[in-house]
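Here's a quick tour for anyone meeting this structure for the first time. Have a look at the model below, then read on.

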Amino acid sequence: MKTKGRIVFAGATDRGCVRQNNEDHFVVDEKLGLLIVADGMGGHNSGEVASELVGATMLEYARKFLGTGLPPAAEEAKAGLSPRARQLDYFVKSANTLIYEKGRALPKDAGMGTTVVAALLDAQSMTVAHVGDSRLYLWRQGQLAQLTEDHSLAGEQVRNGQITADEAARSSLQNILTRALGVDMNVMVDISEHALMPGDIVLMASDGLSKMLGDAEVAAVIASSREPRKIVGTLIEKSRAAGGLDNITVIAALIPAVGRGKSVRQLVSRLFKH
Amino acid sequence: MKKNSYLFEAAIGLLLTLLVSGGYYLHLPFFENIEFKTYDLRAKLRQNLNPPSEIVLVAIDDDSVAQVGLWPWPRTRLAEVLDKLTAAGPKVIGLNIPLSEAEQNQGLIEIRRLSQKYTELLDRMKVVERGVAFGVEFSSSAAVLDSDSKLLAALRGAGNVVLPVLFVPGTAGGRIETVPAAVSSSAVKAAPLSQSIQEESRISHPILPFTEAASGLGHMNHYVESDGVLRREAPLVQYGQELYPSFAIRLALAYLGLKPEDASFESGRSLTLGRLRVPLDADNKMAMIFNGPPETIRVVSYASVVGDKVDASLFKDKIVIIGPTARGITTLHETPVAPALPSSEVVANVIENILNQKYLVRPPWAQRAELGLLGCVGVFIMLILPRLKVLWGLVVSILIAAILFGAGTYLFINGQWLQVSYPAALLVVGNLIIVSRSVLVPEKSKALIEAAAIEMNTMLGMSFQEQGILDLAFEKFRLCPLTGNLKEVLYNLALEFERKRQLSKAAAVLDHIAGKDPKYKDVVAKSKMLKAAPEGVEGAAKSALGRYQIEKELDRGAIGAVYLARDPKGNRPVVIKTMVLEEGAGGEKISEIKERFFREAEAAGALNHPNIARIFEAGDDKGVVYIAMEVPSGRDLVACGQKGHLLPLNEALGCAADVAEALDYAHARGVVHRDLKPANIVLLEDGSVRIADFCIGGLASSSKAAGVVPGALFYKSPEQVAGKTVDGRSDLFSLAVVLFELVTGEKPFKGGEDIGTLVFQIANDPHPDPLSIRKDLPLELKRVIDKGLAKDADGRFQTGAQFAAALRAVPKEPVACELAAVVVPLDVPAPAEPEAAKNVISVGSDIVIAGINDAPAASPASTSAASVPATSRPHPADPV
């Protein structure tokens, strides 16, 4: 549990017990603080192609552009977002363009698409972008909160109060997405920014987890371990035990406790340009 | 980019630091003036408006001149005041009036001439004195007129009067006139002489009798700084081999009872007058501390002294300085505290400084401290300031400036002069640069946005190229300026086009490079060669599925794409739909799904009915599953479900009945359509209908790929949206929805802001009464629709045949239904309908014709794959 001021990351993906392919993909880049979970869809192998493409594209773009202040251009920028949020939005949209155009260019990949949930984080804050039904949770002091809203038919129904979250988990409509990458030339990306506190655990997962395990179970696993690698391992194991009907991907990140020297550094860093 | 900008700003910071340091070393007027200005401000803070009263000034002021007459006065006037003062017993008197020439009194000259002539005449016996002593008369008259003698007497009588000498401009290094011993006796003995002392080469001293009668001489020269302000006293001035004390020093010496030889001079350090030490700077000068504006030191007017209006005790044991202050007869000096201070006041201030040991010195560490401060500020503006946010940078800079000036002022008041304005100036200039850069940000960010657009296009182009989407890559690259790097990238793109045998595109890329740089590699020659290559080879690049040559993409969506293709067999056009097969959520294997698909496709392909579009083949080409179908030539029913474009009622019912019968035929053979909607029903030119897209909808039911919500959700049955297994009665429900739309122009379930609402309506809400939308519909038709839209499949028509029969049983309307829609019942008044006012023309209370802009939700999506935009919602608040 003692950390030395660094965020601890862990991530893993599993085919599950039923599917023959793993169409999930994840990226953990500690240097950039970039986490991505993508759940691909499409026939043949194009589900894998789409989810890998979103991971690779976003990583490539992040390496090139993060911290440069470059892109997005004004017309692309959403007003009121921090530069980091605008960049993340741009990365997701670029990935969408690529997947869409690739699907258009090659009949083999026609109709491929993917969900994506991506987070750019440091010890103080996190920017989250997502499209589709892969989720990001924040666990803080025993409470697990889902920070992303599923872009699925079942998700819509829950938000309208037509069904409960439990019913949604069992609904046959939960596979129907209202938004995904690669489906349309333009995609609306949900972007949000959150403050992080020492001891927070950020959890990202494909629907292979949320379909198999309830939020309470997930929260219990986090509370009992609080160690990212163990959390990821246990959650995948439990999802498999519950049937493992879909591919399961989990990423966990633990925000470190802040030393006194660090808080001074934080104060100083506020004076400086980013 | 950012690094470069910091480097640039650090370089600017360094340049500024060097510039200001140079100004510091070379005393450049610009920087020196800044320091002088702050010096004067600080000097004002050090004023003492109630100085100790060892000194009294007797001013020959405007009043005195008005009383006595025009200046210069006869010297008897000076003698008069000297006598008065001597009687009061001052310690020393300074007579600040140059007496370098004998007085030129025309009367005295005449008397002397007459006396001389008289004496000559007497001698030559031309005149004889008889009882009258004209000689005595002459000499007494001469004595009356001879004011110099009177002054001389007064000087002698006082015995403690100091007189001024003036050094006047002469040729530097010229021969020095030797001065009488009486003059040189006033010099301070000092050896060896310093190089850095103020030196003069011509002297103007009082005439010898006065000099001899005076108790000492002091120079009255004041040396102003480069900006014309008097700040320093020259306590000693070198003339020949002698050092002459200033008037103030000489008076102070006399006051202390000392002689010039008692003073000891240490060049660059100090001049010691007995127990008092006057610190000197490197130029052997002394900074003056001005007590305040004129008359801060006690001043009395000449007139009041002579008129006995001043208590004599005022002068007892004091230093009394007599000097002119009236306008036009004195030299006025600009000083830090007063713009015009008479020289006598300056002298008084200096004496006050010395007697009270009030000094301002450059501490020995001053220069090191100043350079250190310059260095620190330099580092700040080079390295820290550019990285601070503009506002914070300003705050920190102001703080530093405040500390600098605070320290500078504190030290100044305590007698130490630190030149803080150099680092402060550096700070200000540094900030100006930063602020001006941030003011120019709009320009900069515009450039940045352009750079961003170029970067984005380049990046996207490269990504496209990487993914083999060469056309789009070229499209993006064309938007970027052709730099050397991009030329290389484009050249490779051309090679890739060539490898794919897309020669004309390769040539186009090369031409693009050649347009900017024809000398780049072999672009021109290669382009020519490519263009000469035989045409037709490119056809190989065209994609094919199975035996079908794809001609163009008609549409694409979540479950696949729709192409127009040509079947080489029989050379007929076909529609190809590709499909994405994915493992179902229930764990169905892909091979099972494929198997099920082909089974269903086979069954659908076996359908042979005039109202069902033919399916030619279901195939699998390297993993892509597709169906080849007949291309029905006609228009689909999408438009026919919109108000204003409705089919005549009889025709609409006929269409629906035909579709119901066709469905009956298919259902009987175990084929369920699952995606029946107006877009899938084609109205042929001969008036008959064709149902298209049999067997595609079924694949979507459980896989995520089906996913992104089909626009056809409007036509789904309750059991479909609930995800249950479906049979033919589900198709009949969909047909009832289509029928509702065909006859009313509205959808029975319109949905809301999001898809969930629509799903809820289909599953739970009763459909609206069609008669409420269109009053003239036959009641029988309403019953058919009601039965068709029953939520429970058991409550509906159980077969297509039943549905068709019910439709055909609806009595035929004698009037064309399109016209019926606009019949206005005359007996009903037409009240205003505020609700409908916007989009709808209200014709009566119950018959309504929709305007052109119907709600967008009501316009059906034209394909199975259109996604419905979901609205975004605010995010949940962060957990605390």
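## A first look around

In chain A, 57% of the 274 residues count as buried. Keep in mind that this is a predicted model. Chain A has eight helices and 10 strands. Among its contacts with a separation of 6 or more, 69% link residues that sit 24 or more positions apart.

Now for the nonpolar cores. Two of them are set out here:

| Core | Residues in the core | Some of its members |
|---|---|---|
| Largest nonpolar core | 181 residues | B:Ala656 and B:Leu735 |
| Second, separate core | 104 residues | B:Tyr24, B:Phe36, B:Leu253 and B:Tyr255 |

B:Ala656 and B:Leu735 are the residues with the most contacts inside the largest core. Helix 22 of chain B (residues 649–668) gives this core its largest share, 11 residues. The core also draws on two domains of chain B, taking at least three residues from each of domain 4 (445–541) and domain 5 (633–858).

Which residues does B:Ala656 touch, leaving aside those up to four places away in sequence? They are B:Leu735, B:Leu739, B:Leu742 and B:Leu807.

Over to helix 4 of chain B, which covers residues 75–88. With 14 residues at 1.5 Å a residue, this helix should span 20 Å, and its end C-alpha atoms are indeed 20 Å apart, so the two agree. Its buried residues include B:Leu78, B:Leu82 and B:Leu85, and also the charged-letter names B:Arg75, B:Arg77 and B:Glu80. Just past the helix, B:Gly89 takes a positive phi of about 80 degrees.

Conventions. Residues are numbered from 1 along each chain as its sequence is written. Chains are lettered from A and ligands numbered from 1 in the order in which they are written. This is a predicted model: local features need pLDDT of at least 70, side-chain atom pairs count only at pLDDT 80 or more; totals for chains, interfaces and linings use all residues. A nonpolar core is a set of buried Ala, Val, Leu, Ile, Met, Phe, Trp, Tyr and Cys residues joined through C-beta atoms within 7 Å. A residue is buried if 20 or more other C-beta atoms lie within 10 Å of its own, exposed if 12 or fewer, and partly exposed in between; C-beta atoms are placed from the backbone. Helices (H or I, at least four residues) and strands (E, at least two) are DSSP runs, numbered from the N terminus. Domain bounds come from an automatic or database domain assignment. Two residues are in contact if their C-beta atoms, placed from the backbone, lie within 7 Å. The expected span of a helix is 1.5 Å times one less than its number of residues.
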